[in-house]
Amino acid sequence: MTETATTKEPNREPIKASEIDPKFKYELSRMHGSEKILRCFQCGTCTSDCPVARYSETYRPRTIIRMAQLGLRDRVLNSDTLWLCAACFTCTDRCPQDIEVASVIRVLRNLAAEKGCVPIVFKEQIASVLESGYAYKIPDLRIKKRETQGLPPLPKGNPASISKSLKGVKFLENIEKKSEQQ
Ligand code: SF4
Ligand code: SF4
């Protein structure tokens, strides 16, 4: 996933007092995975060790945590950069405050998905998974190339089972609801 293909510029407009939700950090501290968010003292270890931040000009886990602490709910949840995390858990392993940084990001993504704030590239992947069981359509050329090289056919995907799971977590409802509102 390239940054340019999936992310829009982060909102750098001056912060207005009306944007701040002082309850947000307490809400997060009651959710599984983000319980320790209040402990962050902005040392920057998560960002300096993050393999994604190394190659991105915008993705900074420390900034995400700080924005959440400050109550910038909409800015965090609307930010496409939230979706750049590769869930490698390096930050979680190295945080001196024992914060499960990767889990905080997961919690924030779940909240974003509830609002339908999911980058288009993931919506397209979901559409493809529901159609074929694969995250993207395998080109016919590649299938033929496998055959000519004597490779076995690709295993069949199971879109029905995936669809059942997604219904269980109301993923599709949330995404579709938001798409209708746009
Ligand atoms: S490593 Fe932990 S304490 Fe340091 S900035 Fe990241 S989340 Fe905060
Ligand atoms: S889990 Fe995400 S934020 Fe943490 S180091 Fe890996 S890519 Fe970076």
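**Contacts, core and ligand shell**

User: In this predicted model, which residues is Val101 in contact with, leaving aside its neighbours within four places in sequence?

Analyst: Contact here is a matter of C-beta atoms, placed from the backbone, lying within 7 Å. With neighbours within four places in sequence left aside, the contacts of Val101 are Cys46, Pro61, Ile65, Cys91, Thr92 and Cys95.

User: Which helix gives the largest share of the largest nonpolar core?

Analyst: The largest nonpolar core has 32 residues, and Val101 is among those with the most contacts inside it, along with Ile64, Ala68, Val76, Ile105 and Leu108. At least two core residues come from each of H2, H4, H5, H6 and H8. The largest share, 7 residues, is that of H8.

User: Which helices do the buried residues of H5 pack against?

Analyst: Helix H5 spans 61–70. Its buried residues are Pro61, Arg62, Ile64, Ile65, Met67 and Ala68. The buried residues of H5 pack against H2, H3, H4, H6, H7 and H8.

User: What residue follows H5, and what is the sign of its phi?

Analyst: The residue that follows H5 is Gly71. The phi of Gly71 is near 90°, and its sign is positive.

User: Which residues come nearest to ligand 1?

Analyst: The shell around ligand 1 has 9 nonpolar, 4 polar and 1 charged residues. Helix H3 (45–49) and helix H5 each supply at least two residues of this shell. Of the 14 residues around ligand 1, those that come nearest are Cys40, Cys43, Thr45, Cys46 and Cys95.

Definitions and conventions
Residues are numbered from 1 along each chain as its sequence is written. Chains are lettered from A and ligands numbered from 1 in the order in which they are written. This is a predicted model: local features need pLDDT of at least 70, side-chain atom pairs count only at pLDDT 80 or more; totals for chains, interfaces and linings use all residues. A residue is near a molecule or strand if its C-beta atom, placed from the backbone, lies within 6 Å of it. Helices (H or I, at least four residues) and strands (E, at least two) are DSSP runs, numbered from the N terminus. Ala, Val, Leu, Ile, Met, Phe, Trp, Tyr, Cys and Pro count as nonpolar, Asp, Glu, Lys and Arg as charged, and the others, Gly among them, as polar. A residue is buried if 20 or more other C-beta atoms lie within 10 Å of its own, exposed if 12 or fewer, and partly exposed in between; C-beta atoms are placed from the backbone. Two residues are in contact if their C-beta atoms, placed from the backbone, lie within 7 Å. A nonpolar core is a set of buried Ala, Val, Leu, Ile, Met, Phe, Trp, Tyr and Cys residues joined through C-beta atoms within 7 Å.
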